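User: I would like to learn how to read a model of this kind feature by feature, with the general idea set out before each case. Could you take me through it?

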Amino acid sequence: METILTGIEAMQWAREISKVPDGTFTIAFYPYSRQLGRASDKLKIVHGCKWRAQLPKERFEIDADNLLLYTDGEGNPKMCYRILIRFIGFPNDGYKLHKIDWL
């Protein structure tokens, strides 16, 4: 049976797992292009993610609460719109991707 997490649960788990030294998560989301003004129709999967704080040089035109700020598996700072995240995986079950319900 597929596990479905609420968006709030998924973000809390991601934040908490990132506090553990080797704690990472995997996300699958639709990338959004600000230049085109639309999201891609292909899911992007990023492994080895860790929650991160906003960097001093980052200023957002939108409310930062709408974004997931993370580092990828190589430690590069990244961000994506939370609402476009469709699946998330955690180490406790082998990074199996769980569907996220945002409603």
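Analyst: What follows is a reading of a predicted model, taken by topic from the strands to the core, the helix, the cysteines and a few single residues.

User: Let us begin with strand pairing. Which strands pair with strand 9, and in which sense does each pair run?

Analyst: The general idea is to take each pair of strands in turn, note the direction, and then look for a residue that ties the pairs together. Strand 1 (residues 4–6) pairs with strand 9 in the parallel sense, over 3 bridges, whereas strand 8 and strand 9 run antiparallel and are joined by 2 bridges. K99 in strand 9 is a useful landmark, since I4 stands opposite K99 and F87 also stands opposite K99.

User: What surrounds I100, and is I100 buried or exposed?

Analyst: I100 lies in strand 9, which spans residues 98–101, and I100 counts as buried because its relative accessible area is 4%, under the 20% limit. Beyond its close sequence neighbours, within four places, I100 is in contact with L5, T6, G7 and A10, and also with I85, R86, F87 and I88. As a contrast in distance, the C-alpha atoms of I100 and G37, which are 63 residues apart along the chain, are separated by 23 Å.

User: How should I read the nonpolar core, and which residues have the most contacts inside it?

Analyst: One asks how many residues belong to the core, which of them have the most contacts, and which elements supply them. The largest nonpolar core here has 16 residues, and those with the most contacts inside it are F25, I27, L68, Y70, I85 and I88. At least two residues of this core come from each of helix 1 (7–17), strand 2, strand 5 (44–51), strand 6 (67–71) and strand 8 (85–89). I85 can be followed individually: leaving out residues up to four places away in sequence, I85 touches M11, I27, A28, F29, L68, C80, I100 and W102.

User: Why do the buried residues of helix 1 line one face?

Analyst: An α-helix has 3.6 residues a turn, so residues three or four places apart point the same way. In this model the buried residues of helix 1 are G7, A10, M11 and A14. Viewed down the axis of helix 1, these buried residues fall within an arc of 95 degrees, so they line one face of the helix. The cover over the buried residues of helix 1 includes strand 1, strand 2, strand 5, strand 6, strand 8 and strand 9.

User: Why is there no bond between the sulfurs of C80 and C49?

Analyst: The approach is to compare the sulfur separation with the distance cut-off before considering burial. The sulfur of C80 is 8.2 Å from the closest cysteine sulfur, in C49, which is too far for a bond because the limit is 2.5 Å. The count of disulfides accordingly comes to 0. C49 is nevertheless buried, at 0% relative accessibility, and C80 is buried as well, with a relative accessible area of 5%.

User: What does the side chain of T26 make contact with, and where is T26 found?

Analyst: For a polar residue, it helps to read location, burial and polar partners together. T26 is found in strand 2 (residues 25–29) and counts as buried at 2% relative accessibility. The side chain of T26 makes a polar contact with the side chain of H47, at 3.4 Å. Among the other residues in contact with T26, beyond its neighbours within four places in sequence, are F87, I88, G89, Y95 and L97.

User: What is the phi of Y95, and where does Y95 lie?

Analyst: Most residues other than glycine have a negative phi. Y95, however, has a phi near 65 degrees, a positive value in a residue other than glycine. Y95 lies in the loop between strand 8 and strand 9, and at 30% relative accessibility Y95 counts as partly exposed.

User: Is K42 buried or exposed, and which residues does K42 touch?

Analyst: K42 counts as exposed, at 61% relative accessibility, and lies in the loop between strand 4 (38–39) and strand 5. Not counting residues up to four places away in sequence, K42 touches F29, Y30 and P31. The C-alpha atoms of K42 and Y30, 12 residues apart along the chain, are separated by 6.2 Å.

Terms used: Residues numbered from 1 in each chain as written. Predicted model: local features only at pLDDT ≥ 70, side-chain atom pairs only at ≥ 80, totals over all residues. Heavy atoms only, no water. Helix = DSSP H or I, 4+ residues; strand = E, 2+ residues; numbered from the N terminus. Buried < 20%, exposed > 50% of the residue type's maximum accessible area, 1.4 Å probe, protein only. Polar contact = N/O pair within 3.5 Å; in protein donor to acceptor, adjacent residues only side chain to side chain. Contact = heavy atoms within 4.5 Å. Core = buried A, V, L, I, M, F, W, Y, C linked by side-chain atoms within 4.5 Å. Pairing = 2+ DSSP bridges. Arc of directions from axis to C-beta.
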